[in-house]
Amino acid sequence: MSDESKSCATPSNAEPTATRSTVPMWIFSATLVLIYLGTVYFDHHSGWFSAKVYSPYANVDELELYQPKSGAAAQLARGKQVYEQVCGLCHGVDGLGKPGQAPPLAESEFVTAKGITRLTHIPLLGVTGSIKVQGKDWNMAMAAMGAGLSDSDLASVLTYIRTSWGNHAEVVDADAVKAVRATIKSSAPMNGDQLMKMPE
Amino acid sequence: MNVNEKSNGDCVSPSQIDASCRVPSLALFGGAALWLVVGLALALIASIKFHQPAFLADCSLLTYGHVQAAANDLILYGFAIPAALGVLLWIFARLSQAELVLPLVPVVAAHIWHVGVLLGTIGILTGNSTGFAWLEYPRLVFPLLLVAFILIAISAVATFGQRKERELYPSHWFLLAALLWFPWIYSTANIFLVVWPVRGVGQAVINWWFVNNLLFVWLALVGLGVAFYFLPKLGGKPLHSRFWAQFAFWTLTLFGTFLGIPQGAPVPAWYPAASALASSLLIIPLIAIAIIFVKTVCGANVSCKGGPFCYIKFGTVAFLLSGLMTIAVSCPHFSQITRFTWFETAQTQLQLFGFFAIVILGGAYEILPRVMGSPLPFPKFIRFQHWCFMLGTLLLVGSLAVSGIQQGLHDYSFDLALPALRISTLGLFFLLLGSLMFAANIFVMTIKWNLALGKTVLAAVIAPLKTAEVKS
């Protein structure tokens with residue numbers, strides 16, 4: 001405030017003034033650090049603006065994990081769980097397989113076939129030697145990873161891989177798996193040619 | 001006031017500016033003082049009912065639900081807002097170094113406002129409350145209060161437009177923002193809750209948003225605007241500094257608006273998460289305000305002696321405490337203890353009485369002798385009232401806060417809460433005593449002024465006409 005404008009005011013009536021000292025950098029830094037920590041908290045607790053996620057759940061995945069399921073949804077959830085334990089290590093949780101180790105399941109002709117005879121043989125007996133998937137030769141050995149699974153668990157896994165990652169094949173029920181298992185006599189791993197000779 | 005001060009040229013003398021605020025100040029402060037006394041008396045009745053349930057229980061007008069809501073709204077709408085507007089008008093006129101523009105508009109508006117509060121209070125006591133916290137006044141009152149506020153804001157902004165200095169003083173930002181803030185939040189909340197109610201849990205969200213924006217942000221904007229004016233003025237040291245104040249203003253308005261959704265509210269998780277995020281950031285404006293306060297007040301060459309400077313110092317410290325309590329309540333871990341306890345009430349009372357009422361009353365005591373051009377009738381009451389308010393706030397807020405934490409930590413037992421409730425009643429009694437002193441000062445002043453006015457009019461009426469005038 002200039003001195004001129006104060007000319008008619010006595011000192012006791014003078015209007016207050018403010019100094020022009022600047023704000024130090026530390027408080028801006030502290031603000032930014034707090035904003036960062038705050039957004040991390042928000043990221044962990046907000047469910048990202050989902051209208052379905054209420055406290056104490058923190059995100060959509062957690063919410064779904066705790067929801068009781070029935071029918072097809074329950075089978076799919078069980079299938080996903082078993083798949084990630086038993087199959088996912090080699091075939092990948094995204095179903096794309098791993099080069100030199102395991103062929104992809106996404107859009108594989110064995111997985112999406114109409115029938116499940118060939119498909120069910122693979123986990124029950126394992127595979128050895130060459131096998132052609134999506135026009136590409138794979139030469140590897142797979143153990144009988146599914147031999148120890150119950151009919152319903154195996155049906156769930158097959159359903160999961162037949163309906164995930166862009167696959168749209170029909171679901172599999174435990175009776176169908178049981179029927180295929182009943183036809184198996186030997187325990188020797190299959191090779192590609194043997195599989196192709198079977199009906200779908 | 002110095003009688004020798006006369007206008008020379010463009011310069012308007014401070015005493016002329018003060019005189020232009022006289023009638024609006026009396027209208028706003030007078031009603032506010034009355035409502036503060038009535039509101040605190042009702043709050044006292046409500047508080048006594050906690051340990052004497054039979055007290056006034058047979059009168060349907062004075063049941064707890066009616067009395068508590070009426071007391072809250074009287075203290076907020078009856079006292080806090082009009083008194084704040086009275087201080088704001090004077091500060092705007094002084095900072096503009098111009099007389100108040102349209103001085104009659106705030107007078108009319110003050111009467112509309114006080115009639116609105118009277119109707120609202122009758123509505124609540126007769127059981128016609130809307131049922132929304134801090135928004136209990138029936139639908140009819142909403143347009144009255146909104147129009148009255150806007151009228152006063154028009155006069156304030158017109159005075160602001162007359163300012164001689166182009167550069168704004170920090171108080172300008174806070175007070176101008178408050179003038180825009182209230183019509184926005186009050187109309188939004190009323191339209192969506194009272195006039196055309198939204199459905200479901202949206203009501204609770206709007207109510208939380210409104211209560212936080214009014215009780216925390218609006219009160220903070222006005223109270224700090226007033227404090228940033230009077231602290232340097234009375235302390236005789238410049239405010240430290242305009243950039244710090246700017247920083248505090250933007251961070252407070254930015255982070256403050258998101259608060260208010262309690263943890264565990266039955267709404268999607270991102271609402272309380274956003275509130276918790278904003279509340280942790282609230283520490284930044286609090287640090288800034290604390291630095292402004294300490295650097296402005298330390299070394300100020302004024303002995304306080306319970307005068308207005310003391311009021312505003314106490315109020316600013318109370319605001320910092322109330323801000324810390326707000327942060328604590330929004331913090332997920334701490335809120336598990338304090339949710340639904342007396343602690344939340346304690347925070348609100350600290351904000352209302354410890355911070356806002358004391359700052360505004362300090363401002364009013366500083367303004368009143370200036371606008372009336374005569375000393376207060378009971379100048380000693382200023383000091384007594386300061387002690388009453390300090391003691392009252394301490395007893396009320398301290399007892400409720402401690403009791404709230406006890407409630408959260410232990411199983412709730414009535415024996416545990418009873419002593420704290422008794423102490424809080426005592427605190428309210430001291431607040432009521434203090435408010436009576438303010439009311440006594442302002443009413444005696446108003447009566448004296450009216451008598452003097454009447455004498456002047458009477459003298460003019462009965463004065464003998466000069467013969468020369470009769471002849472011509």
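**A salt bridge between two chains**

Mentor: Let's start with one pair: K233(B) and E15(A) form a salt bridge, their closest N and O atoms lying 3.7 Å apart. A salt bridge here is a side-chain nitrogen of Lys or Arg within 4 Å of a carboxyl oxygen of Asp or Glu. This is a predicted model, in which local features need pLDDT of at least 70, side-chain atom pairs count only at pLDDT 80 or more, and totals for chains, interfaces and linings use all residues, while side-chain values use heavy atoms and leave out hydrogens and water. Residues are numbered from 1 along each chain as its sequence is written, with chains lettered from A and ligands numbered from 1 in the order in which they are written.

Trainee: Why can side chains of opposite charge pair?

Mentor: Think about where the charges sit. Such side chains can pair when their charged atoms come close.

Trainee: In which helix of chain B does K233(B) lie?

Mentor: The salt bridge of E15(A) has K233(B) as its partner. This pair crosses between chains, starting from E15(A) in the segment before α1 (25-45) of chain A and reaching K233(B) in helix α7 of chain B. Helices are DSSP runs (H or I, at least four residues), as strands are (E, at least two), numbered from the N terminus. So, by that numbering, the helix asked for is α7 of chain B.

Trainee: How many salt bridges are there between chain B and chain A?

Mentor: The search of the whole structure finds 9 over all chains. For chain B with chain A, the count is 3.

Trainee: How many residue pairs are in polar contact across the interface?

Mentor: A polar contact is a pair of N or O atoms within 3.5 Å; within protein, one must be able to donate a hydrogen and the other to accept it, and residues adjacent in sequence count only if both atoms are side-chain atoms. With both residues at pLDDT 80 or more, the number of pairs between chain B and chain A is 10.

Trainee: Which element gives the most to the side of chain B that touches chain A?

Mentor: The elements giving two or more residues to that side are α3 (64-96), α7 (202-235), α8 (242-256), α9 (270-281) and α10 (283-297) of chain B. With 7 residues, the one that gives the most is α9(B).

Trainee: How many nonpolar residues does that side of chain B have?

Mentor: Ala, Val, Leu, Ile, Met, Phe, Trp, Tyr, Cys and Pro count as nonpolar, Asp, Glu, Lys and Arg as charged, and the others, Gly among them, as polar. Beside 7 polar and 7 charged residues, the nonpolar count is 30.

Trainee: What area do chain B and chain A bury between them?

Mentor: The contact (heavy atoms within 4.5 Å) takes 44 residues from chain B and 40 residues from chain A. Buried area is the accessible area (1.4 Å probe) that two parts lose on being put together, summed over both. Carbon and sulfur atoms hold 67% of the total, which is about 3400 Å².

Trainee: Which element of chain A has the highest mean pLDDT?

Mentor: pLDDT is the predictor's confidence in each residue, from 0 to 100, and chain A averages 82. Among its elements, helix α8 (residues 192-197) has the lowest mean, 77, and the highest, 94, belongs to α1(A).

Trainee: Which residue does a cis peptide bond join to S55(A)?

Mentor: Omega of this bond is about 5 degrees. The partner sits in the loop between α1 and α2 (60-65) of chain A. That partner is P56(A).
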